[in-house]
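Hi everyone, and thanks for coming. Please have a look at the structure on the screen, and then we'll walk through some of its details together.

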Amino acid sequence: MKWCTTKDLTISALKTKVVMFTWNKRWNLRPIVVDNTTIELSTSAKFLGITLDNKLNYNEHINNTTKKATASLMQCRKAVGPTWGLTPKTCIWIYKTIIRPIITYCCSIWIRATHTNINATKLRRVQALALRIMTGAMPSTPFVALNQITNTTDIIPYLQGEAAKSNERLRAYGSLTRERPEHTKGTIKAHVTINNDFVKDLNIPHNSERDLTVPSLNLQSNFTTTTPGDNPDTYRTQLQNIINETPEDWITCYTDGSKTEEGCGAGYIITTNNNNTILHEDSLNLPNSCTNNTVKHCLDILNQIGAHNQVELRWIAAHSGLWGNEKADELAKHGTTSTTTIARPIPQAYINKLINDKVQKLNTDIVNKDCPRHTKLILGRNHTKIINNLNRSFINNRKDYRTTTQLITGHCGLNKHLYNMNKTTTKECPLCGHHEETVNHFLGQCPALAQTRGQYFNDFYLSASDIFDNIHITTIINYVNKTTHGP
């Protein structure tokens, strides 16, 4: 308080909390008084959207975040039903662009909390709720099956990947906090160490220069830019005339880049020599806001040249038959096979790709380990093809997407599953009355549906896995709709 008084600062007692961050059970704290108001001791405090509890286990933050995300999802739930409402495409868009960012906010700080099964389950339940809203799946449908069917990464590996990306981004900015390397009993393994351990096996050279820089706004511009604007076709047709009208004493430079299986290359060609310069390039990325070291360096050089010369940066259509552009493209392609290499900073996009690849591997391991037996049997070895067909064919059809999801997971309105859920008193098929009504029986074995099956599948008796392996998903759903008895 005395220090605040000397600095002409005031403290609001209503907005102030006192939290003791310690595992020690024996401690004393004198009452803290602000403006004759005693500040009560609290077990947690919220700072920049993160709830910090006195044990720094972030359990309270996970609870608050999952409750907020669940409440938002339940608002969306009012707009859908089993066969009506928002399409699966819209639902998954809402989750990935609105709900999931609520969960992932500042995950690089609290990533350690995901290592406990309780917190991991809470986070997975939020994603499972979102995917059930999307697919119309039954409440008993397993998390892993929903993730696989909808091509959605399990939330825990996803959070680990996002935390690692944030960690590497701060490293590129030069703002990453260093930690003590030793880890003794009774100390918390900090988030930076966890994130560093995640990327340790990716062989990212930490001391190498990165192409990412702290975002900056480029207000100075000593050069002009010419782009197509809202009429690219008109600009494209007039481009040759614009080039022909360029004074002969201007420096004209064409640039291009190329990437092939052999490598990457860049080429440029300069045609004249004087103090006025035109740069032709086939990229429309002429940023005012800069986050890339290489781009920032180029802008600085253009401004330096433009300080004493007239410089114009002009967009030129790629592969439009213009001599200078075609020559630069030819040189760039030649550069992809050149033995001369130029060392450049490591792109942040490359680091993000390495992290994404590891996340996908972890997700695949979870699917292989925990995916339910029925879903594995139905999808078989062609699981990627079947899932892609589903998400291409029915992503805008809620009713058929729901039916397909229930067939693949086995959690559906057939008597075998309803009996397991204590929703009916019999497992038997109501059509033939001789066998348990499972997905396999309904799709490929029920004698009462043999004629319909032959009409759609060109065979009378098949296994469910053979049907999904060899018959397109739309034909299977047409068969289900024809029977009027599907799940």
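Let's start with a pair of charged side chains: Glu-168 and Arg-171 form a salt bridge, with their closest N and O atoms 3.3 Å apart. By salt bridge I mean a side-chain nitrogen of Lys or Arg within 4 Å of a carboxyl oxygen of Asp or Glu. Before going on, a word on where this comes from: it is a predicted model, so local features need pLDDT of at least 70 and side-chain atom pairs count only at pLDDT 80 or more, while totals for chains, interfaces and linings use all residues. Residues are numbered from 1 along each chain as its sequence is written, and side-chain values use heavy atoms, with hydrogens and water left out.

Back to our pair. Why can these two side chains reach each other? Glu-168 and Arg-171 sit 3 residues apart in helix α7, residues 155–173, so about one helical turn separates them. Helices here are DSSP runs of H or I with at least four residues, strands are runs of E with at least two, and both are numbered from the N terminus. Are Glu-168 and Arg-171 buried or exposed? Both are buried. For that word, the cut-off is under 20% relative accessible area; exposed is over 50%, and partly exposed is in between, using a 1.4 Å probe and protein chains only. The pair also belongs to a network of salt bridges that links Glu-168, Arg-171 and Arg-210.

How many salt bridges does a search of the whole structure find? The count is 14.

Two more of these involve helix α11, residues 323–335. One is between Glu-330 and Lys-327, at 4.0 Å from N to O. These residues are 3 apart in α11, so again there is about one helical turn between them. Glu-330 is partly exposed at 47% relative accessibility, and Lys-327 is partly exposed too, at 30%. The other salt bridge joins Lys-333 and Asp-329, at 2.8 Å from N to O. Lys-333 and Asp-329 are 4 residues apart in α11, which is also about one helical turn. Here the two partners differ in their surroundings: Lys-333 is partly exposed at 40%, whereas Asp-329 is buried, with a relative accessible area of 9%.

Now let's move to helix α18, residues 450–457. Which of its residues are buried? They are Ala-450, Thr-452, Arg-453, Gly-454 and Phe-457. These buried residues pack against three other helices: α17 (439–445), α19 (464–470) and α20 (473–483). Right after α18 comes Asn-458, whose phi is positive, near 60 degrees.

Just before α17 you can find Thr-438, in the loop between α16 (415–420) and α17. Thr-438 is partly exposed, with a relative accessible area of 25%. Apart from neighbours within four places in sequence, Thr-438 is in contact with Leu-414 and Lys-416, where contact means heavy atoms within 4.5 Å. If you compare Thr-438 with Ala-266, they are 172 residues apart in sequence and 60 Å apart in space, C-alpha to C-alpha.

What about the cysteines? The structure holds 0 disulfides, a disulfide being a pair of cysteine sulfur atoms within 2.5 Å. Take Cys-76: its closest cysteine sulfur is in Cys-91, 7.5 Å away, and that is too far for a bond. Cys-298, for its part, is partly exposed at 41% relative accessible area.

On the surface, look for Leu-29, in the loop between β1 (18–19) and β2 (32–34). Leu-29 is partly exposed, at 39% relative accessibility.

Finally, let's zoom out. The chain has 20 helices and 13 strands. Its C-alpha trace spans about 90 × 80 × 40 Å along the principal axes. The radius of gyration is 31 Å, while a compact globule of 487 residues would be near 23 Å; that radius is taken over C-alpha atoms, and the globule rule is 2.2 Å times the number of residues to the power 0.38. How much of the chain is buried? Buried residues make up 40% of the 487. And of the contacts between residues at least 6 apart in sequence, 68% join residues at least 24 apart.

That's my tour, so please take another look at the screen and pick your favourite spot.
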